[in-house]
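Got the viewer open? Keep the selection box handy, and we'll go from stop to stop.

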Amino acid sequence: MAFQPVPLLQAALHRLHTDEIKTHMPFVFDDNTFLCCLSEYVELPRNTRIWRAHYWTPETDTFKPISTGLSEQFLECTPHAYRDDKGALYVSVVSDATDEYALHTFSGVNFETLLPIMCERTAKAGALTKTTRVLTDKFIAPKLSDDFCGRISQTLFVQKQLPPQTSHTFTIKNNLTALSVSPARLPGNKFTVTLSDNNDIFVLLIDVDNPIVAHKIVLPDLSAPYKAHLADGTLFYAQKTNQDFEDRNIVITTEFALVPLPFFDYFSLVDDFFYNPISAPPGV
């Protein structure tokens, strides 16, 4: 079933944008719940935007904070969530404290009663679904080949959360950096990955169970939808509003194209290297 309350959500986002509250990092949780980050500019002490994870439902038509319990020193990024077969809610949020990233996982019965259960301190981007965990980090590759000997590369680590709990590790090629990962509400086991080479930003839709073809998501003006999320046939992304890179508003559209490209033009499989992120006590 498709996410139904798009017109109501667009009106709610418009109210925020009119009040100069920026929105970023969209995710459709279920047919009636939308997650994103909201921000207001803070001059002191950071002279930056402070992003916090929120959720929205048409019943309240209000954006409410997700109760991560993280201190205000952290920026919160890319909220994602799923429910397991018993109805328990799992939420993941990436935190950023002066470019020190961590992927936090929480569990509870709803978005206001969450408890921390895991913190992976080195993950720069990540997302969880009921079946799959995908995150990115950098590692110094062992001597797997001449291409990767001793070079710092960024990985895309894919782990199945249900038996059999298989895992795959890919290096991201061409000195690209993954800025975000988001589960797509589409058939298959698909994720959008926002990639950057410092000069250009683009978004790929990949199927981690069938890594043969990657699809570049392209808007009608040929630009890339920054930190995009796909839900059924609808695209959600963060559109830049002025010269400040992080001044963004979420846009919802059905006008986009998927351009097929070879998956292995961007990723290399290195399964004999097992990725083991540095963990920390929950909430750290």
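Select Glu76 to begin: does it count as buried or exposed? Glu76 counts as buried, because its relative accessibility is 1%. Keep the side chain showing and add Arg52: the two side chains meet in a salt bridge, with 3.1 Å from N to O. Glu76 sits in strand β5 and Arg52 in strand β3, so this pair ties together parts that are 24 residues apart in sequence. Side chains of opposite charge can pair when their charged atoms come close.

**Zoom out**

Before going on, a word about what you're looking at: this is a predicted model. Show the whole chain as a cartoon and you'll find one helix and 22 strands. Of the 284 residues, 51% count as buried. Among contacts with a separation of 6 or more, 50% are between residues 24 or more positions apart. Switch on the surface, and about 13,200 Å² is exposed, with carbon and sulfur atoms supplying 53% of it.

Now colour by pLDDT. The chain's mean is 84, and 85% of the residues reach 70 or more. Then select residues 140-152, where pLDDT stays under 50. The model has 23 contacts beyond four places in sequence for that stretch. Where pLDDT is low, the predicted coordinates should not be read in detail.

**Into the cores**

Next, select Phe29, Leu35, Ile66, Ala81, Leu89, Val91 and Phe111. These are the residues with the most contacts inside the largest nonpolar core, which has 25 residues. Which elements give two or more residues to this core? They are β1 (22-28), β2 (34-42), β3 (48-57), β5 (75-83), β6 (89-97) and β7 (100-108). Of these, β6 gives the most, with five residues.

Stay with Leu35 and show what it touches. Leaving out residues up to four places away in sequence, the list is Met25, Pro26, Phe27, Phe29, His54, Tyr55, Ile66, Pro79, His80, Ala81 and Phe111. Another core, of 21 residues, lies apart from the largest one; Leu156, Leu176, Ala214 and Phe263 are among its members. In soluble globular proteins, nonpolar side chains tend to be buried together.

**A nonpolar spot on the outside**

Bring the surface back and pick Ile212, Val213, Phe264 and Leu269. Together they make a nonpolar surface patch of about 340 Å². Centre on Ile212, in the loop between β15 (201-207) and β16 (213-218). Ile212 counts as exposed because its relative accessibility is 52%, and the cut-off for exposed is over 50%.

**More salt bridges**

How many salt bridges are there in the count? Eight. You've seen one; try Asp85 with Lys130 next, where the side chains meet at 2.9 Å, N to O. This pair links distant parts of the chain, 45 residues apart: Asp85 is in the loop between β5 and β6, and Lys130 is in the loop between β9 (125-128) and β10 (132-140). Asp85 is exposed at 69% relative accessibility, while Lys130 is partly exposed, with a relative accessible area of 35%.

Then move to Lys190 and Asp207, another salt bridge, at 3.7 Å from N to O. Here the link runs from strand β14 (residues 190-196), which holds Lys190, to strand β15, which holds Asp207; the two are 17 residues apart. Lys190 is partly exposed, with a relative accessible area of 22%, whereas Asp207 counts as buried at 14%.

For a network rather than a pair, select Asp31, Arg185 and Asp232, which are linked by salt bridges.

**Backbone stops**

Keep Asp232 selected and look at its backbone. Asp232 has a positive phi of about 55° although it is not a glycine. It lies in the loop between β17 (229-231) and β18 (234-240), and is partly exposed, with a relative accessible area of 29%.

Jump to Asn175, in the loop between β12 (167-172) and β13 (177-183). Its phi is also positive, near 60°, in a residue other than glycine. Asn175 counts as exposed, at 61% relative accessibility. Most residues other than glycine have a negative phi, and most peptide bonds are trans.

Where does the last stop, Glu120, lie? It's in strand β8 (residues 114-120). Glu120 counts as buried, at 2% relative accessibility. Add Ala102 and measure between the C-alpha atoms: they are separated by 5.3 Å, with the two residues 18 apart along the chain.

Note on methods
Residues numbered from 1 in each chain as written. Predicted model: local features only at pLDDT ≥ 70, side-chain atom pairs only at ≥ 80, totals over all residues. Heavy atoms only, no water. Helix = DSSP H or I, 4+ residues; strand = E, 2+ residues; numbered from the N terminus. Buried < 20%, exposed > 50% of the residue type's maximum accessible area, 1.4 Å probe, protein only. Contact = heavy atoms within 4.5 Å. Areas by Shrake-Rupley, 256 points an atom, 1.4 Å probe, with all protein chains shown as cover. Patch = residues over 30% accessible without salt bridge, like charges linked within 9 Å, V, L, I, M, F, W, Y side chains within 5 Å. Salt bridge = Lys/Arg side-chain N within 4 Å of Asp/Glu carboxyl O. Core = buried A, V, L, I, M, F, W, Y, C linked by side-chain atoms within 4.5 Å. pLDDT = per-residue confidence, 0-100.
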